[in-house]
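Colleague: Please take me through one part of this model slowly, the surroundings of the ligand. I am a first-year student, so plain wording would help.

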Amino acid sequence: MSFSDRAPVRATACGKLILCGEHAVVYGRPAIALPVTTVRTTVKIEPRWETPPRIEIQAPNIKSHFYADTDPGRPLSRIVCNTYEWCRRLNPAIPAQNIVVTVTSDMPVGSHLGSGAAASVASARAVAAWLEINLPVADASALAFEVEKIHHGTPSGIDNTVIAYEQPLWFIKDVVSELLEAPQQTEDLLSCLVVAAVGFSTPTKQMVDVVREGFRANRLRFNQYFDDIGFVSVRAREALLAANWPVIGQLMDENHQLLQELNVSCKELDALCIAARKSGALGAKLSGAGRGGNIIALARSSAHAAELRESLLSSGAMQVLIG
Ligand code: MEV
């Protein structure tokens, strides 16, 4: 098999939103995640002409340019090399590769839209496509999960799963990973979900540690918060399947309040949630790890989503997209 004269290959992966259940999901409670297909990460692989053969990685969005052999611990080096090894187990004849891997994304880094997991899933897909090996979705997700551990320490696995499957997901860590068969409801919900970024972020690992400290200091209280959040997810699942948007909105408000109790919100996220509710949103909550990143607000209709977008921008949101 010759790779040197090949045309470039490209693969992509979507972003994600956590509708409800973040943080509690790390402690075994259920959560719901949604794919966001309006933003994508793209990975291109093309031949490299310099010798000796190396894997050169470029990520212009984060102004990074490095080699997998000299920077093996970086998440992008790991996912590319792990996927290469995974493919070699299926076809040991695959030679060492001399390639340039370029990662670009329209997801702002640190927006908590899953940019890290999307880069991993898209890279795994691109490497497998380049090596002409079929990569099942479950394996793309598993390869990305290993790298998520570098980003997040003790990830639940929800981000890599929803991004790899690109479908709404009902998720309980190590127990259930169920794709919700509700394409129309999900499409309708996403067309009314307004995602507003505060313009800064705190690493997910740090926020998971904040919750862990709170949990260690007061297990009884935090277990109650996690149970309450889990119950939000149970009711949100029913409401999603029944397309009951007012109930989803109330549950988003309830979830946000519980995330405030977990100490993962901040004044900027709270202010955007309040602004969204004042502008008629059915509900609003932070989405993802918190203390930065974004909020999601549920508009009453897609026309109202466009209005909500404008009012969130004038209330200080740095960037607003409609799911
Ligand atoms: C991050 O998108 C969601 C968290 O619950 C972390 C995790 O589940 O790994 C904060």
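**The ligand and its surroundings**

Modeller: This is a predicted model, and a good place to begin is a polar contact of the ligand. An oxygen atom of the ligand is 2.6 Å from an N or O atom in the side chain of Ser 156. Of the accessible area that the ligand has on its own, 300 Å², the protein covers 98%.

Ser 156 is one of the residues that surround the ligand. Two other residues of this shell also have polar contacts with the ligand. For Lys 16, the side chain is again involved: one of its N or O atoms is 2.8 Å from an oxygen atom of the ligand. For His 23, the backbone is involved instead, with a polar atom 2.9 Å from a ligand oxygen.

The rest of the shell consists of Ile 18, Glu 22, Val 25, Val 26, Pro 155, Ile 158, Asp 159 and Ala 289. Sorted by type, the residues of the shell are 6 nonpolar, 2 polar and 3 charged. Strand E1, residues 9-20, supplies at least two of the shell residues, and helix H4, residues 158-165, likewise supplies at least two. Lys 16 and Ile 18 fall within the range of strand E1, while Ile 158 and Asp 159 fall within that of helix H4. As for the space that the ligand takes up, this is the largest pocket.

Ala 289, listed above as part of the shell, leads on to a further residue. The side chain of His 112 reaches the backbone nitrogen of Ala 289 at 3.4 Å. His 112 itself is in a loop, between strand E5 (99-105) and helix H2 (115-130). Its relative accessibility is 10%, so His 112 counts as buried, the cut-off for buried being under 20%.

A second histidine can be read in a similar way. His 304 is part of helix H10, which covers residues 302-314. Its side chain reaches a backbone atom too, namely the oxygen of Ser 279, at 2.8 Å. His 304 counts as buried because its relative accessibility is 9%.

One more buried residue can be added to the picture. Val 194 is in strand E8, residues 193-197. With a relative accessibility of 0%, Val 194 counts as buried. Along the sequence, Val 194 and Leu 298 are 104 residues apart, yet in space their C-alpha atoms are 6.3 Å apart.

Technical notes. Residues numbered from 1 in each chain as written. Predicted model: local features only at pLDDT ≥ 70, side-chain atom pairs only at ≥ 80, totals over all residues. Heavy atoms only, no water. Near = heavy atom within 4 Å. Polar contact = N/O pair within 3.5 Å; in protein donor to acceptor, adjacent residues only side chain to side chain. Areas by Shrake-Rupley, 256 points an atom, 1.4 Å probe, with all protein chains shown as cover. 1 Å grid on protein atoms, 1.4 Å probe; cavity = no way out; pocket = protein on both sides within 12 Å on 5 of 7 lines; lining within 4 Å. Sits in = over half its atoms within 2 Å of the grid points. Helix = DSSP H or I, 4+ residues; strand = E, 2+ residues; numbered from the N terminus. Nonpolar A, V, L, I, M, F, W, Y, C, P; charged D, E, K, R; others polar. Buried < 20%, exposed > 50% of the residue type's maximum accessible area, 1.4 Å probe, protein only.
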